[in-house]
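This note is addressed to a colleague who is meeting the structure for the first time. The points below should be read alongside the sequence and the model.

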Amino acid sequence: MRRRLVPHTKVEDKTPVTAESDLSAPIKLDASAQAHIEKHRMLQEDLTDEMVGLARQLKESSLLMHHSLHDTEKLLDSTERAVEHSLASTGHANTRAMEIYSNSFKTTCFTWLIIFFMACIFIMVVLLIRVT
């Protein structure tokens with residue numbers, strides 16, 4: 001057991017220095033104190049071992065989390081590329097659909113004009129037949 005070093009103060013009366021007052025002398029402990037110290041030493045070693053185990057588990061958990069985050073990052077990057085490709089394809093499809101719609105609108109107007117023109121010719125032919 002360690003003891004703190006306390007500075008000696010000179011005592012006015014000249015008492016002889018004994019083993020009890022000498023700080024450099026080893027301290028003798030009884031069996032119960034030794035058992036108590038040994039019990040605490042074992043407890044401290046057990047706690048140290050447990051802390052080492054917990055630190056190892058923490059390191060393993062952090063490594064697993066790191067790998068998981070890395071895999072998630074790869075997955076997100078791949079998903080981002082797929083979404084960008086999908087958006088590009090959708091934009092191209094929208095442009096193509098607008099062209100087709102524009103052409104079909106022109107075709108539809110032209111078809112209605114032809115139908116109207118044919119109806120006018122039909123009416124004129126019917127009127128021509130009636131008149132003659």
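1. Does Phe110 count as buried or exposed? The model is predicted, and in it Phe110 has a relative accessibility of 53%. Phe110 therefore counts as exposed, because the cut-off for that class is over 50%. Its place is in helix 1.

2. Phe110 belongs to a nonpolar patch on the surface. The other members of this patch are Ile114, Phe117, Met118, Ile121, Val125 and Ile129. Together, the residues of the patch have about 690 Å² of accessible area.

3. A negative patch is also found on the surface, formed by Glu45, Asp46, Asp49 and Glu50. Of these, Glu45 lies in helix 1, which covers residues 31-131. Glu45 has a relative accessible area of 41% and is therefore partly exposed.

4. The overall architecture may be stated briefly. The protein chain contains one helix and zero strands. Of its 132 residues, buried residues make up 1%. The chain exposes about 13,100 Å², and carbon and sulfur atoms supply 66% of that area.

5. The cysteines deserve a separate remark. Cys109 is partly exposed, at 36% relative accessibility. Cys120 likewise counts as partly exposed, with a value of 29%. A disulfide requires a pair of cysteine sulfur atoms within 2.5 Å, and by this rule the count is zero.

Terms used. Residues are numbered from 1 along each chain as its sequence is written. This is a predicted model: local features need pLDDT of at least 70, side-chain atom pairs count only at pLDDT 80 or more; totals for chains, interfaces and linings use all residues. Side-chain values use heavy atoms; hydrogens and water are left out. Patches are made of residues with over 30% relative accessible area and no salt bridge: like charges are joined within 9 Å, nonpolar side chains (Val, Leu, Ile, Met, Phe, Trp, Tyr) within 5 Å. Accessible areas come from the Shrake-Rupley method with a 1.4 Å probe; for residues, only the protein chains shown count as cover. A salt bridge is a side-chain nitrogen of Lys or Arg within 4 Å of a carboxyl oxygen of Asp or Glu. Lys and Arg count as positive and Asp and Glu as negative; His and the chain ends are not counted. The place of a charge is taken as NZ of Lys, CZ of Arg, CG of Asp or CD of Glu. Helices (H or I, at least four residues) and strands (E, at least two) are DSSP runs, numbered from the N terminus. Buried means under 20% relative accessible area, exposed over 50%, partly exposed in between (1.4 Å probe, protein chains only).
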